[in-house]
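Here are some notes for a first look at this one. Keep the viewer open as you read and check each point against the picture.

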Amino acid sequence: MSTSKLISVGGRILLEVKEKSKMSYAAAESVVSTNTWTATNLFYVLLVPALILWYAYWRMSRRHMYELAEKISGPPGWPIIGNALEFTGGSHDIFKNIINKSVEFDDQSVVKIWIGPRLLVFLYDPRDVELILSSHVHIDKAVEYRFFKPWLGDGLLISTGQKWRSHRKLIAPTFHLNVLKSFIDLFNANSRDVVNKLKKEAGVFDCHDYMSECTVEILLETAMGVSKTTQDKSGFEYAMAVMKMCDILHLRHTKIWLRPEILFKLTDYAKTQTKLLSIIHGLTKKVIKRKKDEFSSGKRPTVLNDYTEEAKATSVEGLSFGQSSGLKDDLDVDDGDVGQKKRLAFLDLLLESSQNGVVISDEEIKEQVDTIMFEGHDTTAAGSSFFLSMMGVHQDIQDKVIEELDKIFGDSDRPATFQDTLEMKYLERCLMETLRMFPPVPIIARHLNQDITLPSNGKKVPSGTTVVIATYKLHRRPDVYPNPNKFDPDNFLPEKSANRHYYAFVPFSAGPRSCVGRKYAMLKLKIILSTILRNFRVYSDLKESDFQLQADIILKRAEGFKVRLQPRKAAKACY
Ligand code: HEM
């Protein structure tokens, strides 16, 4: 065979081999694609029944919940998403919509809604409220509080079980009345500062900004023990960051698509949250570091063990410190029989405890500081701003408060004493009435780990439900407060309070998980508000029916807390 023949034969063979291999490749490809097709199809063919089975099992395992929920009334919802569409629109629209819709169910004081698979049952009969709040069993916070976790960690507000119990035991005494009495000078000094700042306001302005900054600064100076001279402008920045964080948390509570972590992280809100948390945690870290440096340089905290007869009293005759006088909690424990007790302010105690090898880590201290800073400032800022708004609206009531203050202080510009605060009885009634009509924490939510039977109507609420104490609705029950939408401080005359169900007024919650800052808040508010009213008369151009309420975690006025001030003693400087 010639070379060219060989080549051509070889080429043909090669071509043939190539053709064959092409064919077998195509065949293989078709086998693979057939197999892939079959595997993909098989996957889907199996997935669909698997999902159906899983859904059927899931529904079956929740049958008990559905059966009991069926017997509780509530607005009709959609399949899968339930009543999630009720939460569309802005915060004010949501609040108005929910309150309006709830009216239909007022005769039963219990309303059910579904947000996707979550069952929420709103309660506002005092007997049902008592069942939940007085219990040592129903103390777990609802799963919705988990959105606070990146901010507050496992702080007192959201922790549960043994951790919550031991930290509560540690922290509650740091808000004991004896400790609070030692803060009076600081309450006065900061109230004076806010009065001086308010002097520059000539027209209508939002008093909440001032109240917010002032309450942050007071907290830093009292509970955290950071002196004014070492504070910088970060208080205001912190307060604004907290406000914006609350907006984001509220969105996550109400917009079903923002609930799953995986979806939330894709949004701009997640980026904003990271920025806000760096401002918020920046301040708390700075505060703790400063305090630790003081400790290591040998500066020890002041021990507050003034054990005079007056200081011994933990409860004061005729003063309820923000709750029905028949209720008692761990803040009312009288340790007169325990012997002389060393008392420290909040952060001093936590640091001292940790250095003595007690129960609390650095991370836990940070979580508790974040919790107290949040709970302690935004609530009181809202409460005081609502109070000033109500004084502005009700000039006749403001007259009576001013008359009382003039009786206590006369012409003097001296700072208020603890004894003075006991005599501010009418101002206290106005404060309680403000907290009734505008509770800064308008709802309290708990997770049920077992079925409960409602004392008010015998209906059962199933385990796994989020029960929501609707404080705002509870406080406006016409059978408890005749004319409930009228601001009437006489609702808190002793004889009227005595005849009322104890759990019909719970602005600070009640029972084992009541607010640890209740007495602190009442004392601080009395001093700030009396100082403002000793210096200014407050006016409002709006009536309370014009207030646009919104509940971004904390109840606020959507349009801002707009008031006007007129100096009472034009020529006199604040003392
Ligand atoms: C007008 C002012 C205040 C109001 C209306 C208020 C209201 C409340 C309410 C309703 C709760 C229960 C929340 C829930 O269960 O979801 C609570 C808890 C709490 N509050 Fe306050 N609060 C006020 C001021 C303060 C202050 C000044 C502090 C601290 C300085 C504070 C610290 C706390 C803490 C740590 C908790 C969690 C307690 C626990 O779960 O054991 N609060 N507050």
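1. Start at a loop. Ser-361 is exposed, because just 9 other C-beta atoms lie within 10 Å of its own and a residue with 12 or fewer counts as exposed. You'll find Ser-361 in the loop between helix H14 (346-355) and H15. As for how it sits relative to Tyr-269, the two are 92 residues apart along the chain, and their C-alpha atoms are separated by 31 Å. Bear in mind that this is a predicted model.

2. Now the whole chain. It has 575 residues, and 40% of them count as buried. The secondary structure comes to 21 helices and 11 strands. Take the contacts between residues at least 6 apart in sequence: 79% of these join residues at least 24 apart.

3. Which residues touch the most other members of the largest nonpolar core? They are Val-121 and Leu-123, in a core of 136 residues. Helix H15 (residues 362-393) gives the most to this core, with 13 residues. As general background, nonpolar side chains in soluble globular proteins tend to be buried together. Leaving out residues up to four places away in sequence, Leu-123 touches Ser-109, Val-110, Asp-128, Val-129 and Ile-132, and also Val-467, Val-468, Ile-469 and Ala-470.

4. Strand E1 (residues 110-115) is worth a look. Of its 6 residues, 6 are buried, so E1 is largely enclosed by the rest of the structure. Val-110, Lys-112 and Trp-114 point one way, while Val-111, Ile-113 and Ile-115 point the other way. E1 runs antiparallel to strand E2 (residues 118-123), and 6 bridges join the two. Ile-115 stands opposite Arg-118 in E2. The pair forms a hairpin with 2 residues between the strands, and Gly-116 in the turn has a positive phi of about 60°.

5. Compare that with strand E4 (residues 444-447), where the side chains alternate. Ile-444 and Arg-446 point to one face and are buried, whereas Ala-445 and His-447 point to the other and are not. E4 and strand E7 (residues 466-469) run antiparallel, joined by 4 bridges. The bridge partner of Arg-446 in E7 is Val-467, and Val-467 is also among the residues that Leu-123 touches.

6. There is also an open sheet of 3 strands, in the order E3-E11-E8, with antiparallel pairing. Why do strand E3 (205-206) and strand E8 (536-539) each have one side without a neighbour in the sheet? They stand at the edges, each with a single partner strand, so one side of each is left free of a neighbour there. E3 pairs with strand E11 (residues 562-567) over 2 bridges, and Asp-206 stands opposite Lys-562 in E11.

7. Next, helix H9 (residues 207-221). At 1.5 Å a residue, its 15 residues should span 21 Å, and the end C-alpha atoms are 21 Å apart, which agrees. Since 14 of the 15 residues are buried, H9 is largely enclosed by the rest of the structure.

8. For a helix pair, try H16 (residues 395-409) and H18 (residues 425-437). Their axes come within 8 Å and cross at roughly 140°. Ile-397, Lys-400, Val-401 and Glu-404 in H16 meet Tyr-426, Leu-427 and Cys-430 in H18. By class, this contact has 5 nonpolar, no polar and 2 charged residues.

9. Is Trp-151 buried or exposed? Trp-151 counts as buried, because it has 22 C-beta neighbours inside 10 Å and the cut-off is 20 or more. Trp-151 lies in helix H5 (residues 149-152) and touches Met-245, Leu-277, Ile-280 and Asp-370, not counting residues up to four places away in sequence.

10. Last, two backbone angles to check. Most residues other than glycine have a negative phi. Ile-80 has a positive phi of about 65° although it is not a glycine, and phi of Ser-509 is near 60°, again a positive value. Ile-80 is in the loop between helix H2 (63-70) and helix H3 (91-102) and counts as exposed, with 10 C-beta neighbours inside 10 Å. Ser-509, in the loop between helix H20 (494-498) and helix H21 (518-535), counts as buried, with 20 C-beta neighbours inside 10 Å.

Key
Residues are numbered from 1 along each chain as its sequence is written. This is a predicted model: local features need pLDDT of at least 70, side-chain atom pairs count only at pLDDT 80 or more; totals for chains, interfaces and linings use all residues. Two residues are in contact if their C-beta atoms, placed from the backbone, lie within 7 Å. Two strands pair if DSSP finds at least two bridges between them. A nonpolar core is a set of buried Ala, Val, Leu, Ile, Met, Phe, Trp, Tyr and Cys residues joined through C-beta atoms within 7 Å. The expected span of a helix is 1.5 Å times one less than its number of residues. Axes are lines fitted to C-alpha atoms, for helices over the stretch in contact, and angles run from 0 to 180 degrees between N-to-C directions. Ala, Val, Leu, Ile, Met, Phe, Trp, Tyr, Cys and Pro count as nonpolar, Asp, Glu, Lys and Arg as charged, and the others, Gly among them, as polar.
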